[in-house]
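Here's a walk through one protein chain, from its overall make-up to a few local details. Keep the sequence and the model open side by side as you read.

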Amino acid sequence: MLAPFGLALANGSAIIEFENTPLFSAVNFLPGDDVSRWIKVTNNSGESGNVSIEAIGFASPIPLDDLSRVLNIVIKNGATILYGPSSLFQFYQAGVIN
């Protein structure tokens with residue numbers, strides 16, 4: 001299921017909410033800074049299911065001097081790390097992540 005940033009989306013069994021539109025829009029981002037945002041998925045089906053995420057809409061090929069090569073990303077559920085830490089570039093290259 002794909003949902004644009006900032007929408008609550010219901011397909012009958014799941015509701016997906018994004019904290020901000022766009023999800024990340026920090027200005028004057030400096031070395032050592034970090035930004036946290038949340039995406040909330042509520043499963044109303046009563047059954048277990050997978051949640052997947054994928055980066056879309058990035059330049060291809062990614063230039064060698066692209067900022068994504070030095071920005072780090074970590075995806076967590078509470079304190080549990082589900083993905084990363086890795087560079088944003090590596091996240092782009094990973095495709096669909098469950």
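A residue counts as buried when its relative accessible area is under 20%, as exposed when that area is over 50%, and as partly exposed in between, using a 1.4 Å probe and protein chains only. By that yardstick Ser68 is buried, with a relative accessible area of 3%.

## Ground rules

This is a predicted model, so to speak of local features we need pLDDT of at least 70, and side-chain atom pairs count only at pLDDT 80 or more, while totals for chains, interfaces and linings use all residues. Residues are numbered from 1 along each chain as its sequence is written, and side-chain values use heavy atoms, with hydrogens and water left out.

## The overall picture

The protein chain has one helix and five strands, and from the N terminus on they come in the order β-β-β-β-β-α. Helices (H or I, at least four residues) and strands (E, at least two) are DSSP runs, numbered from the N terminus.

Of the 98 residues in the protein chain, 16% are buried. The chain exposes about 7,400 Å², with carbon and sulfur atoms supplying 54% of that; the areas come from the Shrake-Rupley method with a 1.4 Å probe, and for residues only the protein chains shown count as cover. Contact here means heavy atoms within 4.5 Å. Among contacts between residues at least 6 apart in sequence, 28% join residues at least 24 apart.

## Strands β2 and β3

In a regular strand the side chains alternate between the two faces of the sheet. Strand β2 (residues 14–18) shows this pattern: Ala14, Ile16 and Phe18 point to one face and are buried, whereas Ile15 and Glu17 point to the other and are not. Strands β2 and β3 run antiparallel and are joined by five bridges; two strands pair if DSSP finds at least two bridges between them. The bridge partner of Phe18 in β3 is Ile39.

Ile39 also belongs to a nonpolar surface patch with Val41, Val51 and Ile53, which together have about 290 Å² of accessible area. Patches are made of residues with over 30% relative accessible area and no salt bridge, like charges being joined within 9 Å and nonpolar side chains (Val, Leu, Ile, Met, Phe, Trp, Tyr) within 5 Å. A salt bridge, in turn, is a side-chain nitrogen of Lys or Arg within 4 Å of a carboxyl oxygen of Asp or Glu. Val41 lies in strand β3 (residues 39–43) and is partly exposed, at 39% relative accessible area.

## The β4–β5 hairpin

Strands β4 and β5 are antiparallel too, with five bridges between them. Their hairpin has two residues between the strands, and Gly78 in it takes a positive phi near 65 degrees.

Asn72 stands opposite Ser87 in β5. Ser87 is buried at 10% relative accessibility, and its contacts beyond four places in sequence are Ser68, Arg69, Leu71, Asn72 and Ile73. Over in β4, Ile75 is partly exposed, with a relative accessible area of 22%. Ile75 touches Ile53, Thr80, Ile81, Leu82, Tyr83 and Phe91, not counting residues up to four places away in sequence.

## The core and Ser68

Which residues form the largest nonpolar core? There are six: Ala55, Ile73, Tyr83, Leu88, Phe91 and Ile97. A nonpolar core is a set of buried Ala, Val, Leu, Ile, Met, Phe, Trp, Tyr and Cys residues joined through side-chain atoms within 4.5 Å. Setting aside neighbours within four places in sequence, Phe91 is in contact with Ile53, Ala55, Ile73, Ile75, Tyr83, Ser86 and Ile97.

Back to Ser68, which sits in the loop between β3 and β4. Ser68 and Leu88 are 20 residues apart in sequence, yet their C-alpha atoms are 4.9 Å apart in space. Leaving out neighbours within four places, the contacts of Ser68 are Ile62, Ser87, Leu88, Phe89 and Tyr92.

## Backbone oddments

Two cis peptide bonds deserve a look. One joins Ser60 and Pro61, with omega about 0 degrees, and Pro61 is in the loop between β3 and β4. Another joins Gly84 and Pro85, again with omega about 0 degrees, and Pro85 is in strand β5.

Asn28 has a positive phi of about 55 degrees although it is not a glycine. Asn28 is in the loop between β2 and β3 and counts as exposed, at 68% relative accessibility.
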